[in-house]
Every structure is written in C-alpha cells, then in structure tokens.
Amino acid sequence: WINISKKLATDIAHDLHSWLHPMPSSRPLNEHSGESILNQWKSFIDWDMELILRDTPKRERVTLKSVLDDGRVVVQEVETGLTRTLVSDYFL
C-alpha cells in the first residue's frame, strides 16, 4: 500500500501541476480542460436512471437531461415532464 500511495500522490501532484501550468503547445489538446473534464463526467452518467430529489415536499423522481458547463444539472420530472436546473446537493 505504501508504494501505491506514493505513486498516487506523485500522479496527483503531477496532474495538478500540469493543469495549473499547461505547456503552450498542449493547450488545444489539454486533457485537463474544463470541457474535457465535463465530457469525461458525462460519459459516466446513466441518463436513464431515476433519481429522487431531496428536500422537496413530494420527493420527486427525476432523470438527468444535461450537465451545464458550470456544473449545474438539468433534470426532468418523471411524472410531470417538467424540467428544472439544479445547483448542488440535489439527490438522495
């Protein structure tokens, strides 16, 4: 575990440094760009999964429809079809 922990720490430090100080030639293809990171996150989403909103009176069931560039998500209520944009801490 010690070697794995050291490797992980080194990789995190390297990736953080390359994200903060990208080489000029790598900027167009920067895998750490906001757009790239957002696209990676979107690839992991199960768009058909029903989720339950927290802190709402009816605990509405929703499905994800979009992830906005600023991290907010657009959801659609399963029962009514209404959509809304959520900021943070939205699901159970």
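A salt bridge is a side-chain nitrogen of Lys or Arg within 4 Å of a carboxyl oxygen of Asp or Glu. The close-up views below are taken from a predicted model.

**Figure 1. A salt bridge joins R84 and E60.** The side chains of R84 and E60 meet with N and O 4.0 Å apart. This pair links distant parts of the chain, since R84 belongs to strand 4 and E60 to the loop between strand 1 and strand 2, 24 residues apart. R84 is partly exposed, with a relative accessible area of 27%. E60, by contrast, has 15% relative accessibility and therefore counts as buried, the limit for that class being under 20%.

**Figure 2. R61 and E50 form a salt bridge within a network.** The closest N and O atoms of R61 and E50 are 2.4 Å apart. R61 is located in strand 2, whereas E50 is in the loop between helix 2 (34-44) and strand 1, so the pair ties together parts that are eleven residues apart in sequence. R61 is partly exposed at a relative accessible area of 34%, and E50 is likewise partly exposed, at 43%. A network of salt bridges links E50, R61 and E79. The structure as a whole holds six salt bridges.

**Figure 3. R54 and D55 are joined by a salt bridge.** The N to O distance between the two side chains is 3.4 Å. D55 is exposed, with a relative accessible area of 62%, while R54 is partly exposed, with a value of 34%.

**Figure 4. Four strands form an open antiparallel sheet.** The strand order is 1-2-3-4. Strand 1 (51-52) and strand 4 (83-86) stand at the edges; each has a single partner strand, so one side of each is left without a neighbour in the sheet. Strand 2 and strand 3 (residues 73-77) pair in the antiparallel sense over five bridges. Strand 3 also pairs with strand 4 in the antiparallel sense, over four bridges. Strand 3 is mostly covered, with four of its five residues buried. In a regular strand, side chains alternate between the two faces of the sheet.

**Figure 5. Two hairpins connect strand 2 to strand 3 and strand 3 to strand 4.** The hairpin of strand 2 and strand 3 has five residues between the strands. In its turn, G71 has a positive phi of about 95 degrees. The hairpin of strand 3 and strand 4 also has five residues between the strands. There, G81 takes a positive phi near 80 degrees.

**Figure 6. T63 is a buried residue of strand 2.** Strand 2 comprises residues 61-67 and includes T63. The relative accessibility of T63 is 13%, and the residue therefore counts as buried. Apart from neighbours within four places in sequence, T63 is in contact with W47, D48, M49, E50, V74, V75, Q76 and V78. One of these contacts, E50, is the salt-bridge partner of R61.

**Figure 7. Q76 of strand 3 has bridge partners in strand 2 and strand 4.** In strand 2, T63 stands opposite Q76. In strand 4, the bridge partner of Q76 is T83. Q76 is also among the residues in contact with T63. The view thus shows Q76 in strand 3, a strand that pairs with strand 2 and with strand 4, where the latter stands at an edge of the sheet.

Definitions and conventions:
Residues are numbered from 1 along each chain as its sequence is written. This is a predicted model: local features need pLDDT of at least 70, side-chain atom pairs count only at pLDDT 80 or more; totals for chains, interfaces and linings use all residues. Side-chain values use heavy atoms; hydrogens and water are left out. Buried means under 20% relative accessible area, exposed over 50%, partly exposed in between (1.4 Å probe, protein chains only). Contact means heavy atoms within 4.5 Å. Two strands pair if DSSP finds at least two bridges between them.
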